[in-house]
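Let's take a walk through this fold together, one stop at a time. Have the sequence and the 3D view open, and follow along.

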Amino acid sequence: MPRFSFAAPFTLGAQIDARAGHAEVASREFLLEGDRTWTYARYRDEAVRLAHFLQRRLGAVDEARPGHVAMLLENHLELLALYGACGFLGHTLFGVNTGLRGDTLTGVLNQSRARLLVVDQRIAHEVVRVQQQLQHVAPENVVVLHTDATTPVEGNDLMACVEREVGALGSLDTPGVDVDMQKPLMVIYTSGTTGLPKGILNNHMKMLAIGMAVSTNLALDADDTGYACMPLFHSNALYLGFHPAFHVGGRLSMRERFSASSFVPDCFRYGVTYWNYVGEPVHYVLGAIEKQYGGDEARIAAEVTNHPRNTLRYALGNGAAAPDIERFMRWLGLEEMFELYGSTEAAISTFRKKTDPRGSVGEITDPAVQILNERGETCPPAELGPDGKIRNYAEAVGEICRVAADTALFQGYFDNPTANTSKFRDGVYHSGDLGHVVERDGARFLFFDGRTDDWIRKDGENFSALQVARHVQEHPDIVLAAAYGVPCAVSDELVMVALKLRPGVAFDPKAFFDFCERQVTDGGMDRKWFPDFVRVVDEFEYTQTEKILVRNLKGVHFDRNRLPDAQLFFRQRGDTTYKPLTAADYATLRKEFAAREKLDLLDR
């Protein structure tokens, strides 16, 4: 159980140098991608060589010519070398989402004022399409990382340029730059469902401090190995994957992008001990295991849980449903699974432990964190009845906020004062998330209830779409569910759910209706949450961070004209089962909306 300490300034470059110069750490494996392995010394040399390349390409840095570098990369060793290079120089790396296209990609790159862009060969054509609209990146500074072994690079090959302009890999001197730990190291973008994604500033101190905190909470040491298959342009993989391993002198294995079927083989191959996730990957991994072993618990126990090469101990992230957490821990043989609350802004965070209440995202240890209603008043704790229902739902659920003069680790949005003012105003940090608190033995436990724009409003009451989805997903034949509000001819909204079923399972309208009724009577679901419409999907659409694109579902709602072949079902007052929604049924519904002059709600 080796533990090392590194006496160095709290900047990324200095910390890399400290590990590469440590007699016991320098030669230890650090980064693993397929058959490629870099030690800490090799990582330092690769990062320093790229730093010299950036210096030559960007020249002098000032306000008019900022040291801004953008990347459009999947997970590769060179991405982390570029991150380290910016750390050595005091430059800022902009982690652009690889799913961006067209005007949005152009807008993000132009707003970043990046003067050099490193792009993955497999998506370089998307940059070519918008290159004429780029305002700050000269054509020669769009450099391509060769990632397809079967095809030569078209354009400027990154590593060929580095070889030509800097030379072969070797122990070059660290660039002589005095870097301030408060200087922005990386800008990480939000998902950006409307308008351009917002870039969140992250300085050296913040990135390194998060790695220290996470590795401490997990009690990691230099023998631990992380697994980064979530995108490294996103905070989850950096905060919870790279930096904890880096802090303790451990290892980080990586895959170009997430693959459910490769998860278990990769864990066995690399000796993974902890894994970071975000969104739905937990569900996908379980689905892959179930498919491979036919759901045979005895085989799963023998060939996964108790396999001699299974060293996985921890998983940490957010977005996993409680039933998936329980099954994942059982099938993978975990000691602990930490379902967290937090965001890239990092102003508020919690860390759930297995002894915490089911469904919670951990204990609130910061007294400044409060649940506020729309009037800015503190919401009371949730009062639970014997059936588990929240008796005071309307009063207990509000926005998760932090009431303090400081913003904790949140350092603002890049070049976006309007967003800064919206997020932190009148001494309150507004997360934009819904939540409630359950008190137990003097401790406050946080429950995440979705985004503030994920409310469903029915019969004059607001409630969380996420909570509805969680209740529905408890059904044994439903592997994934999304809930959302859809138009109502009378007032407010109705509740619709989209369901992905287990392979080979057909939707049973009566059985699902009865299940929802049991969730109301015995499972803690409010009667108003009972779904009015059901859509069965083969698969969902997802963001780059594996979150369901609910807005696309909401946009077409139960429109039989736009969904002529979809499996749609509905219920009306007094029904005891769901019924197929036919074209004739939808025509009748349209007449009801037209009679109330609300037809635009269906057609917008």
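Asn 202 counts as buried because its relative accessibility is 0%, and the cut-off for that class is under 20% relative accessible area. Bear in mind as you look around that this is a predicted model. Asn 202 belongs to strand 9, which covers residues 199-203. What does the side chain of Asn 202 reach at 2.8 Å? The partner is the backbone oxygen of Ile 200. If you set aside neighbours within four places in sequence, Asn 202 is also in contact with Pro 184, Leu 185, Met 186 and Ile 188, and its list of contacts continues with Met 207, Tyr 239, Thr 344 and Gln 411.

From this buried polar side chain, let's move on to the nonpolar interior. In soluble globular proteins, nonpolar side chains tend to be buried together. Here the largest nonpolar core has 128 residues, and Trp 275 and Phe 328 have the most contacts inside it. Helix 3 (residues 77-89) supplies the largest share of this core, with 10 residues. Zoom in on Trp 275 next: beyond its neighbours within four places in sequence, Trp 275 is in contact with residues including Tyr 227, Cys 229, Phe 258 and Phe 263. Pro 281, Val 282, Val 285 and Phe 328 are also among the contacts of Trp 275. A second core, separate from the one around Trp 275, has 36 residues, among them Ala 443, Ala 481, Ala 483 and Phe 515.

Two of the residues touching Trp 275, Phe 263 and Val 285, lead us to a pair of helices. Helix 9 (residues 260-270) packs against helix 10 (residues 281-293) at an angle of about 85°, and their axes are 7 Å apart. That angle falls between 65 and 115 degrees, so helix 9 is roughly perpendicular to helix 10. On the helix 9 side, the contact is made by Ala 260, Ser 261, Phe 263 and Val 264; helix 10 contributes Tyr 284, Val 285, Ala 288 and Ile 289. Sorted by class, this contact has 7 nonpolar residues, 1 polar residue and no charged ones.

Our last stop is Pro 323, which sits in helix 12 (residues 322-332). Is Pro 323 buried or partly exposed? With a relative accessible area of 23%, Pro 323 is partly exposed. Leaving out residues up to four places away in sequence, Pro 323 touches Arg 358 and Glu 474. Pro 323 and Gln 473 are 150 residues apart along the chain, yet 8.3 Å separates their C-alpha atoms.

Technical notes: Residues numbered from 1 in each chain as written. Predicted model: local features only at pLDDT ≥ 70, side-chain atom pairs only at ≥ 80, totals over all residues. Heavy atoms only, no water. Axes fitted to C-alpha atoms, helices over the stretch in contact; angles between N-to-C directions. Helix = DSSP H or I, 4+ residues; strand = E, 2+ residues; numbered from the N terminus. Parallel < 35°, antiparallel > 145°, perpendicular 65-115°, else oblique. Contact = heavy atoms within 4.5 Å. Nonpolar A, V, L, I, M, F, W, Y, C, P; charged D, E, K, R; others polar. Buried < 20%, exposed > 50% of the residue type's maximum accessible area, 1.4 Å probe, protein only. Polar contact = N/O pair within 3.5 Å; in protein donor to acceptor, adjacent residues only side chain to side chain. Core = buried A, V, L, I, M, F, W, Y, C linked by side-chain atoms within 4.5 Å.
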